[in-house]
Amino acid sequence: MLSFLIGYMGSGKSTLGRTLSKLTGIPFIDMDAVIEQRNGMSIAEIFAQAGEKEFRRQESELIDEIAAGGNAIVATGGGAPCFFDNMEKMNSLGGTIYLKTSPAKLVRRLENGISKRPLLKDRTTQELEEFISENLKIREPYYLKAKVIIDCDTLTDSRIVEHITAYITKSDKK
Ligand code: S3P
């Protein structure tokens, strides 16, 4: 089965995806990393040179390619569920898991990684918090369409891994 990890930037999709892949033996796909490799550029460079619209086109196209491949755990980019019919598509392809995380926790996680994220760069901590809170209001309706919602504020990392592993392996047997 395909399992898509979705959620805001900094919610831990890539780290968790790698851990889950090691535990289950299911291959891992990091969508941002695939797009960077194909373009021979970082996400920041793609945004600057080709524009966000082109990035979103490639992101959506990649979901179609992943659909045509085999079993995988997929770390999506934070915006992927919110463009085109990507969320509906991912829901029809397999499991969708929303890593629900509060703006306060996201800000703490993102503070050191904003330079590589074009939508966040050059913002102060306070601006970052305001932007994330506002942006989450727009994005959360999409994220909440996920089949499984994990409360990452209250669960420990190991409980999060346990929950998702159980979901993935149960769905795989169906
Ligand atoms: C984006 C999230 C990023 C990356 C791009 C845009 C977004 O991925 O796809 O910078 O719109 O939320 P991460 O969620 O892995 O940071």
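These questions and answers cover the ligand and the largest pocket of a predicted model.

Trainee: Which residues come nearest to the ligand?
Mentor: A residue counts as near if one of its heavy atoms lies within 4 Å. The ligand has 13 residues around it. Those that come nearest are K13, D32, R56, R117 and R139.

Trainee: How far is the side chain of D32 from an oxygen atom of the ligand?
Mentor: Polar contacts are pairs of N or O atoms within 3.5 Å. K13 places a polar side-chain atom 2.7 Å from a ligand oxygen atom, and G79 has a backbone N or O atom 3.2 Å from one. For an N or O atom in the side chain of D32, the distance is 2.6 Å.

Trainee: What percentage of the ligand's exposed area does the protein bury?
Mentor: Taken alone, the ligand exposes 380 Å². Of that area, the protein buries 95%.

Trainee: How many residues of the shell around the ligand are charged?
Mentor: The shell divides by class into nonpolar, polar and charged residues. Five are nonpolar and three are polar. The charged residues number five.

Trainee: How much space lies in the largest pocket?
Mentor: This pocket is the space taken by the ligand. Its volume is about 800 Å³.

Trainee: Which element gives the largest share of the lining of the largest pocket?
Mentor: The lining has 37 residues, with M9, G10, K13, S14 and R117 closest to the pocket centre. Elements giving two or more residues to the lining include α2 (31-39), α4 (52-68) and α8 (157-173). The largest share, six residues, comes from α1.

Note on methods:
Residues are numbered from 1 along each chain as its sequence is written. This is a predicted model: local features need pLDDT of at least 70, side-chain atom pairs count only at pLDDT 80 or more; totals for chains, interfaces and linings use all residues. Side-chain values use heavy atoms; hydrogens and water are left out. A polar contact is a pair of N or O atoms within 3.5 Å; within protein, one must be able to donate a hydrogen and the other to accept it, and residues adjacent in sequence count only if both atoms are side-chain atoms. Accessible areas come from the Shrake-Rupley method with a 1.4 Å probe; for residues, only the protein chains shown count as cover. On a 1 Å grid over the protein atoms alone, a cavity is a set of points where a 1.4 Å probe fits but cannot get out, and a pocket is an open set with protein on both sides within 12 Å along at least five of seven lines; lining residues have an atom within 4 Å of a point. A molecule sits in a cavity or pocket if more than half of its atoms lie within 2 Å of its grid points. Ala, Val, Leu, Ile, Met, Phe, Trp, Tyr, Cys and Pro count as nonpolar, Asp, Glu, Lys and Arg as charged, and the others, Gly among them, as polar. Grid points are joined across faces, edges and corners, and a volume is the space filled by probe spheres set on the points. Helices (H or I, at least four residues) and strands (E, at least two) are DSSP runs, numbered from the N terminus.
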